[in-house]
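Reader: I'm new to this one. Could you walk me through how to read it?
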Amino acid sequence: MENKTFVPLDYHPPSESEILENTFDFRTQMDKRRSVRFFSDRNVPVEVIRNVVMTASSAPSGAHKQPWTFCAVSDMDIKIKIREAAEKEEYENYHGRMSDEWLKDLEKFDTNWHKEFLTQAPWLIVIFKKSYDLNNGGKTKNYYVSESVGIAAGFLIAAIHLAGLVTLTHTPSPMNFLQEILGRPENEKPFLLLPVGYPSDGVVVPHLVRKAEQDVLCWF
Ligand code: IYR
């Protein structure tokens with residue numbers, strides 16, 4: 001049976017100078033993005049969270065399966081549960097599970113097992129990846145799941161930054177507790193947790209220098 005529908009692409013080509021300007025502006029904006037670990041408790045409207053999540057959900061995915069679920073959490077009781085469970089795991093990580101080399105690599109960030117941002121930020125967005133879908137009791141396959149969800153996470157981070165808010169990619173490990181606390185089905189596995197909000201007053205970030213073009217870009 002035929003199962004193909006095509007529609008015209010909604011595309012209006014900009015001039016070459018506009019394209020150059022667009023890329024320069026976007027590059028400049030994105031280069032200002034920093035991971036922020038200290039949040040104000042100032043509220044962020046639910047509509048903003050809906051917009052950034054639905055931007056993320058517009059990402060390309062294997063066979064357009066969109067193998068993701070985003071859980072947006074503002075409920076303080078749930079945030080407390082998540083923080084307690086994450087800190088329990090992170091305590092173990094910082095006290096034996098991470099190698100000396102790893103701990104040394106993290107020194108410049110001054111991180112530790114305390115995760116205040118999990119209760120301070122007004123929103124936590126937890127991204128789940130679906131290695132398969134559950135349909136009427138059956139399982140259907142998804143493809144390139146980690147790649148797809150990683151791309152969606154990138155869209156989300158860019159959308160949060162361009163909104164004028166800050167975030168941080170947090171991966172408490174292991175993080176199956178998120179599946180339990182949020183009551184997600186068996187086909188959903190936690191992928192990334194992003195606190196979202198405003199930075200706390202006077203927040204500082206580590207002085208980091210990004211790699212230069214010759215270290216990341218090869219021309220052929
Ligand atoms: N998950 C821990 C440790 C950590 C690991 C990496 I790699 C980082 O870039 C930052 C932290 C934590 O969140 O503290």
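Author: Sure, we'll go from the overall fold to a pair of helices, then the ligand, and end with two backbone details. Keep in mind that this is a predicted model.

Reader: Where do I start? How many helices and strands does the protein chain have?

Author: Counting the elements is a good way in. Here you'll find eight helices and six strands. Walking from the N terminus, the order is α-α-β-α-α-α-β-β-β-α-β-α-β-α. As for overall dimensions, the C-alpha atoms fit a box of roughly 55 × 50 × 40 Å along the principal axes.

Reader: And how do I describe the way α2 and α6 pack?

Author: Two packed helices are described by the angle between their axes and by how far apart those axes are. In this case, α2 (residues 46–56) and α6 (residues 145–163) pack at about 145°, and their axes are 7 Å apart. The crossing of α2 past α6 is right-handed.

Reader: Which residues of α2 and α6 meet there?

Author: From α2 come Val-52, Val-53, Thr-55 and Ala-56; from α6 come Ala-152, Phe-155, Leu-156, Ala-159 and Ile-160. Sorted by class, that contact has eight nonpolar residues, one polar and no charged ones.

Reader: On to the ligand. Which residues surround it?

Author: Look for the shell of residues with a heavy atom within 4 Å of the ligand. That shell is made of Arg-37, Glu-90, Tyr-94, Trp-102, Leu-106, Asn-112, Lys-115, His-170 and Thr-171. By class it splits into three nonpolar, three polar and three charged residues. Helices α3 (76–97) and α4 (100–106) each give at least two residues to the shell.

Reader: What are the distances from the ligand to the side chains of Glu-90, Tyr-94 and His-170?

Author: For polar contacts, check pairs of N or O atoms within 3.5 Å. A polar side-chain atom of Glu-90 sits 2.9 Å from a ligand nitrogen. With Tyr-94, a side-chain N or O atom is 2.5 Å from a ligand oxygen. For His-170, the distance from a side-chain N or O atom to a ligand oxygen is 3.4 Å. As for cover, the ligand on its own has 380 Å² of accessible area, and the protein covers 68% of that.

Reader: Now the backbone. Is the peptide bond between Ser-173 and Pro-174 cis or trans?

Author: Omega tells you: at about -5°, the bond is cis. You'll find Pro-174 in the loop between β5 (166–167) and α7 (177–181).

Reader: What is the phi of Asp-110?

Author: Asp-110 has a positive phi, about 55°, although it isn't a glycine. Look for Asp-110 in the loop between α4 and α5 (117–120).

Technical notes. Residues numbered from 1 in each chain as written. Predicted model: local features only at pLDDT ≥ 70, side-chain atom pairs only at ≥ 80, totals over all residues. Heavy atoms only, no water. Polar contact = N/O pair within 3.5 Å; in protein donor to acceptor, adjacent residues only side chain to side chain. Areas by Shrake-Rupley, 256 points an atom, 1.4 Å probe, with all protein chains shown as cover. Helix = DSSP H or I, 4+ residues; strand = E, 2+ residues; numbered from the N terminus. Nonpolar A, V, L, I, M, F, W, Y, C, P; charged D, E, K, R; others polar. Axes fitted to C-alpha atoms, helices over the stretch in contact; angles between N-to-C directions. Left-handed = near helix turned anticlockwise from the far one by under 90°. Contact = heavy atoms within 4.5 Å.
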